[in-house]
Amino acid sequence: MKSERLLSMMILLANRERVSASQLARRYGVSVRTIYRDIETLSASGVPIVTETGRSGGISLIEDYRIDRNVVKPTELGHVLSGLQGLATVLPDPALQDSVEKYRNLLSRAPTTLAPTVPRPLELHMELTPSPREQSVIATIRQAAGLGRLLVIEYADASGRLTRRSVEPYAMVFQWSGWYLYAWCRLRGQYRNFKLTRIRSVEQPGERFVSRQPDLASRPWTQDWESLPFSDLVLEFRPSARLLVLEHFDPAAITLHPDGSSTVHTRLPVDDWVVSFLASLGGDLEVREPPELRERLRRHAAAILERYQPDPAPITMYRISEKP
């Protein structure tokens, strides 16, 4: 991410006369301190950057400086283009699509020494498209963040309990096959990750907030997941689940037995997501350890079974009359 940001910053400075550090920080979602570190990195690599203080000051490239295309490798341009194309599937933003076309044009004109018979580097494509409802929520969040406005969301926790919260939006994160909003929650008084599928409604009351300048370059949203209490799991699988086991677990965690069955030793947080994940693996799985996860999975299965119990057969009433 840093190399892509530096490349993007070079192109931005080459196309603009002057830009402030705070503008760059807002554009890339990082702190001003991170921007100054990036400027030092670019300067050390030979990019002639000029910084001026004062009301009309800012950051710029020395006059008449042009970026040498040979400095940027085609594979590096391809990585940036892949990321932009993935974002373009999420954000229907004309400006983002313009950026895609600019990088595609740069890549098409980039010099290459590969002969036609030599295989080209593998292309990377990311499909991050959320559901139509999530796209609508993302659009509202982006608009509020761009204007520095507070959001009021109605949020459902894992148990379905609804709370109404005022949040300050800072980042959208795609993690564990889902989209999350990273924001300061005024209800809890701390940064929180909000899963988009659990946001029941989102509003913009119009109130502005002063940015807390979180250091997004350090990926602070991972702290929530890293702080979860992990437990040692022992999972037993029948022979028929062998392909399923190899698909979902690291080979180093799997012990294959002569009869085709397998045992998996892994570490996961004992939470609702893990219960749902293990339930999705079907009846060929038996949780051995820990006991609390085994019990939670049993209750989960019992609740499903109870819901799908067949209705009892209707009782037909017969009236028996005495013979005259």
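How much area does the protein expose, and what share of it do carbon and sulfur atoms supply? In this predicted model, the protein exposes about 21,100 Å². Carbon and sulfur atoms supply 52% of that area. Of the 324 residues, 34% count as buried. The secondary structure comprises 10 helices and 11 strands. Contacts between residues at least 6 apart in sequence were also examined; 57% of them join residues at least 24 apart.

One open sheet has 4 strands, in the order E9-E10-E8-E11. Its pairing is antiparallel. Strand E9 (254-256) and E11 stand at the edges. Each has a single partner strand, so one side of each lacks a neighbour in the sheet. The twist averages 25° from one strand to the next. E9 and E10 pair over 3 bridges. Ile 254 has Val 264 of E10 as its bridge partner. Helix H10 packs on the sheet and touches E8 and E11. The direction of H10 makes about 145° with that of E11.

The largest nonpolar core holds 19 residues. Leu 235, Phe 237, Phe 249, Val 264 and Leu 278 touch the most other members. At least two residues each come from strand E8 (230-237), strand E10 (262-269), helix H9 (272-280), strand E11 (285-289) and helix H10 (291-307). H9 gives the largest share, 4 residues. Beyond its neighbours within four places in sequence, Leu 235 contacts Phe 249, Ser 262, Thr 263, Val 264, Leu 278, Leu 285, Glu 286 and Val 287. Another core, of 18 residues, lies apart from the largest one. Its members include Met 10, Leu 13, Val 47 and Ile 49.

How values were computed
Residues are numbered from 1 along each chain as its sequence is written. This is a predicted model: local features need pLDDT of at least 70, side-chain atom pairs count only at pLDDT 80 or more; totals for chains, interfaces and linings use all residues. Side-chain values use heavy atoms; hydrogens and water are left out. A nonpolar core is a set of buried Ala, Val, Leu, Ile, Met, Phe, Trp, Tyr and Cys residues joined through side-chain atoms within 4.5 Å. Buried means under 20% relative accessible area, exposed over 50%, partly exposed in between (1.4 Å probe, protein chains only). Contact means heavy atoms within 4.5 Å. Accessible areas come from the Shrake-Rupley method with a 1.4 Å probe; for residues, only the protein chains shown count as cover. Two strands pair if DSSP finds at least two bridges between them. Axes are lines fitted to C-alpha atoms, for helices over the stretch in contact, and angles run from 0 to 180 degrees between N-to-C directions.
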